Every structure is written in C-alpha cells, then in structure tokens.
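Colleague: Got a minute to walk me through this one? I'd like to go from the whole chain down to a single side chain.

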Amino acid sequence: MADIAALTALIEPEVKALGFDLVRVKLFGQGDERTLQIMAERRETRQLVIDDCMTISRRLSDLFDEVDPIEEAYRLEVSSPGIDRPLTRLHDFVEWGGFEARITVTEPIDNRKTFKGVLGPVEGENIGFKDTKVGHVVIPFGLIDTAKLVLTDALINATMPLSAEGADDIETEG
C-alpha cells in the first residue's frame, strides 16, 4: 500500500502550482477497485468545476506516468470536497467554526471517540467543540482521525452555489 504522506508530498506542489488548495488525498479499495481520491478547491470559491478537475487530473496523470508512486493498479479521481466536506487542515476548523460537524478521534476523549455537534473556537492546535451529548470538549487536532461537516440548512445557506458549468458535457461510459 502506498504511503499517503509521501503521495501528499508529491501531489500538493502540483495542485498548488495550478492555483488550487489540496484538501485531501485518500487511497481506498482493493484490487481492480482501488481508487486514489484527490480533493482540491479554488481558494476564492472553495469549489472545483469540471474543467478544474480535468486540469488537475491531467497534470497528476502526467506526473504519475513519470514517477509511478503506486505499484498496484488504481483509478484516479479528482473532485471538489462538496458542501458536507471533510475537515482535514487546521484552518478548516477555523473557517467552518459555528457549523455542525462529526468528528472521530484516534484516542478517547472523555471516554468517547465520536463526537457530533458545533465547531467552536480554535486555540493553537486545540479545537473547541460543543457536543450534543456531553457539552463542551476540547479536541487536539493531532488526535483527529476523521472530521466532516454535517449537511444542514445553515450550511447550505452559507455555501456559495456550486457551479454546474460543463456538467452537460460529461461523457460517461455505459
């Protein structure tokens, strides 16, 4: 299995060179169903349109043809993080403060590993969080396994409409 940190170190400069921010690199699946998922976004809009996905995909495909960082067969998927996006960077927790999220941690905090509630203030590497069951909890960023915004009306209302430009031009195999 490929090292995600090494893949991220390889991918991030390429994505940034194209003017995008890398949100997440994830490798999942087995055998012929293995997928390398790259989530990126435009800094100013927090979204990616189809042409952006194609630009990143082509750049990374060319790089991977040269470097070949994954020994096994895989499918490359480039996408926007979407409205109910994963929170992967410390500044994501700052930017999305006040919105509902679901967080799982690698080690128990107050005898729990899963939290659902509202993101609070970030102080240093610690994320304030108002959990619906236990109230206020402080979650160290380094203990976060996964974190994702919860799709709510407030989140939808606060999110710029996603562009559907080019969606009719997609060709699918079928």
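Here is our chat about this predicted model.

Colleague: Let's start wide. How many helices and strands are there in the protein chain?

Modeller: Follow the chain from the N terminus and you read off α-β-β-α-β-α-β-β-β-β-β-α. Count up the two kinds of element and you get 4 helices and 8 strands.

Colleague: And what distance separates the centres of domain 1 and domain 2?

Modeller: The domain assignment gives domain 1 as 4–79 and domain 2 as 90–159. For scale, the C-alpha trace of the whole chain spans about 50 × 35 × 35 Å along its principal axes. Taken over C-alpha atoms, the two domain centres are separated by 26 Å.

Colleague: Zooming in on the strands, in which sense do E1 and E2 pair?

Modeller: E1 covers 20–28 and E2 covers 35–42. They form a hairpin with 6 residues between the strands, where Gly 29 takes a positive phi near 90 degrees. Across the pair, Leu 27 stands opposite Leu 36 in E2. There are 8 bridges here, and the sense is antiparallel.

Colleague: What about E2 and E3, in which sense do they pair?

Modeller: E3 is residues 75–79, and 5 bridges link this strand to E2. One example is Met 39, whose bridge partner in E3 is Ser 79. To get from E2 to E3 the chain passes through helix H2, residues 50–67, in a right-handed β-α-β crossover. The sense of this pairing is parallel.

Colleague: Why would you call E2 largely enclosed by the rest of the structure?

Modeller: Buried means under 20% relative accessible area. Over the whole chain, buried residues make up 34% of the 174 residues. E2 is largely enclosed because its buried residues number 7 of the 8.

Colleague: Now Arg 34. Which side chain of opposite charge is nearest to Arg 34?

Modeller: Arg 34 sits in the loop between E1 and E2, and this residue is buried. A salt bridge needs the charged atoms within 4 Å. The nearest candidate is 4.1 Å away, and Arg 34 has no salt bridge; that candidate is Glu 72.

Colleague: Then which residue has its backbone oxygen 3.4 Å from a polar atom of the Arg 34 side chain?

Modeller: Look back at the hairpin of E1 and E2, at the residue with the positive phi near 90 degrees. A polar contact has to be within 3.5 Å. The backbone oxygen that lies 3.4 Å from the Arg 34 side chain belongs to Gly 29.

Methods: Residues numbered from 1 in each chain as written. Predicted model: local features only at pLDDT ≥ 70, side-chain atom pairs only at ≥ 80, totals over all residues. Heavy atoms only, no water. Buried < 20%, exposed > 50% of the residue type's maximum accessible area, 1.4 Å probe, protein only. Lys, Arg positive; Asp, Glu negative; His and termini not counted. Polar contact = N/O pair within 3.5 Å; in protein donor to acceptor, adjacent residues only side chain to side chain. Pairing = 2+ DSSP bridges. Right-handed = clockwise from strand over helix to strand, strands pointing away. Domains from an automatic or database assignment.
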